[in-house]
Amino acid sequence: MSIAWNHFTPWASLIGGLLIGASAVMFALLNGRIAGISGIAGGLLRPRRGDIGWRAAFLLGLIVAPFAWRTFAQLPAVRIDAGYAALVAAGLLVGAGTRLGGGCTSGHGVCGLSRLSPRSLVATLSFMAAGFVTVFVLRHLLGA
Amino acid sequence: MQSWMSFAAGLLFGTGLILSGMTDPGKVQGFLDLAGRWDPSLALVMGGAIAIGLAGFRVAHLRVRTLLGGAMHLPTARDLDRRLVIGSLAFGVGWGLGGFCPGPALVSLGTGEPKAIVFTIAMLAGMGFHEWWPGTPRADAAPA
C-alpha cells in the first residue's frame, strides 16, 4: 500500500463529515428518525399513509444540494470508471442489498456506529470488507 | 414543519456529501483500493460524522419525544441475522463496483450526470424488488 497524497483531501472530507453528522443528529432530534438514505427511499417505494411527506422532503433536499452548491461555487469534478452495464449491476446490488441488510453507509455506517449498535458494526464491517475485496478484484486481478 | 425540517436536513446532508468527496465514485474506489494508491480521505468523513453523532445520538436516546414534540422512532433491533450480513455484503460488492452508495447517488442525480441516473434507476429497482418480494416485512419506519 502507498498513500495517494495528491488525492488526499483531509479538511474538506473532515468538514463534510461534520456536516453529515450534524444533519443526522438534527434529523434524530427533530424528526425522531435515523437519517438512513436507503431506508428513507425504500419506504417511499411501498408508501404508507402519513409516511410520505418527510421521506420525499429529505430526498428532495439531497437532490437539490448540487443546485444550491452551484449558486456559490463550481461542483467538484467526478470520475466514474464503471461502464453502464456495471453500473446497472452495481445499482441492483446496492438497492436490494441495503434493504435486505436494513441500511447503508448512512444508516449503519454513520448513525448506527454513532449509536454503538452491534448490528450496524457487523453491517459496516461486512460492506467495507466486500467493497475492499471487490475493488481489489476489479483493479488488481481483472486490471480494470 | 416536519417536511421543511426534513428538506433542510437532506440539503445539509447532501452538501456534506459533496464537500467530503463522497459523490466522486473515483475517490470512493480510491479509498476502497487498499492494495493500490490508497486515498484515506473517506475515513475522515466517517470520523467527522461519527464524532458529532456519538454526542448527538446520546442525547437523542435519552429523549422520549422529539424537540418538536413528536414520537421517537429510533431502532431497537439487536439481532445479528443472515439478512443483515448477506444484504450488507451484496451492498459492499455493488458499492465497490460502481463507487456509489445511496446518498451520493441521489445527490448526483441532481447534477444530471447520465451514469448517476442509470445507477439510481437500477438502485431503486433493486429496492423495489426487495420491497415487493413476497414475505418481505414492510419497510420499517426505523431502519438500521
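**Exercise 1. Work out whether Leu116(A) is buried or exposed.**

Solution. Leu116(A) has 12 other C-beta atoms within 10 Å, so it counts as exposed. The cut-offs: 20 or more other C-beta atoms within 10 Å of a residue's own is buried, 12 or fewer is exposed, and in between is partly exposed, with C-beta atoms placed from the backbone. Next, place Leu116(A): it sits in the loop between helix H5 (105-114) and helix H6 (118-141) of chain A. Helices here are DSSP runs of H or I with at least four residues, strands are runs of E with at least two, and both are numbered from the N terminus. Last, check the backbone: phi of Leu116(A) is near 55°, a positive value in a residue other than glycine. Most residues other than glycine have a negative phi.

A word on the model: it's a predicted one, where local features need pLDDT of at least 70 and side-chain atom pairs count only at pLDDT 80 or more, while totals for chains, interfaces and linings use all residues. Residues are numbered from 1 along each chain as its sequence is written, and chains are lettered from A and ligands numbered from 1 in the order in which they are written.

**Exercise 2. Describe how H2 (residues 37-45) and H3 (residues 53-70) of chain A pack.**

Solution. Start with the axes, which are lines fitted to C-alpha atoms over the stretch in contact, with angles from 0 to 180 degrees between N-to-C directions. Those of H2(A) and H3(A) come within 9 Å and cross at roughly 130°. That makes the pair oblique, since under 35 degrees is roughly parallel, over 145 roughly antiparallel, 65 to 115 roughly perpendicular, and the rest oblique. Now for the residues: H2(A) brings Ile40(A), Ala41(A), Gly43(A) and Leu44(A), and H3(A) answers with Arg55(A), Ala56(A), Phe58(A) and Leu59(A). Contact means C-beta atoms within 7 Å, placed from the backbone.

**Exercise 3. Sum up the make-up of chain A.**

Solution. Count the elements: 6 helices and 1 strand. Put them in sequence order and you get β-α-α-α-α-α-α. Then look at burial: 55% of the 144 residues in chain A are buried. For the extent, the C-alpha atoms fill a box of roughly 50 × 40 × 35 Å along the principal axes.

**Exercise 4. Check the span of H1 (residues 2-20) of chain B.**

Solution. The expected span is 1.5 Å times one less than the number of residues. With 19 residues, H1(B) should therefore span 27 Å, and its end C-alpha atoms are 27 Å apart, which agrees. As for cover, 15 of its 19 residues are buried. Right after H1(B) comes Gly21(B), with a positive phi near 100°.

Terms used:
Two residues are in contact if their C-beta atoms, placed from the backbone, lie within 7 Å.
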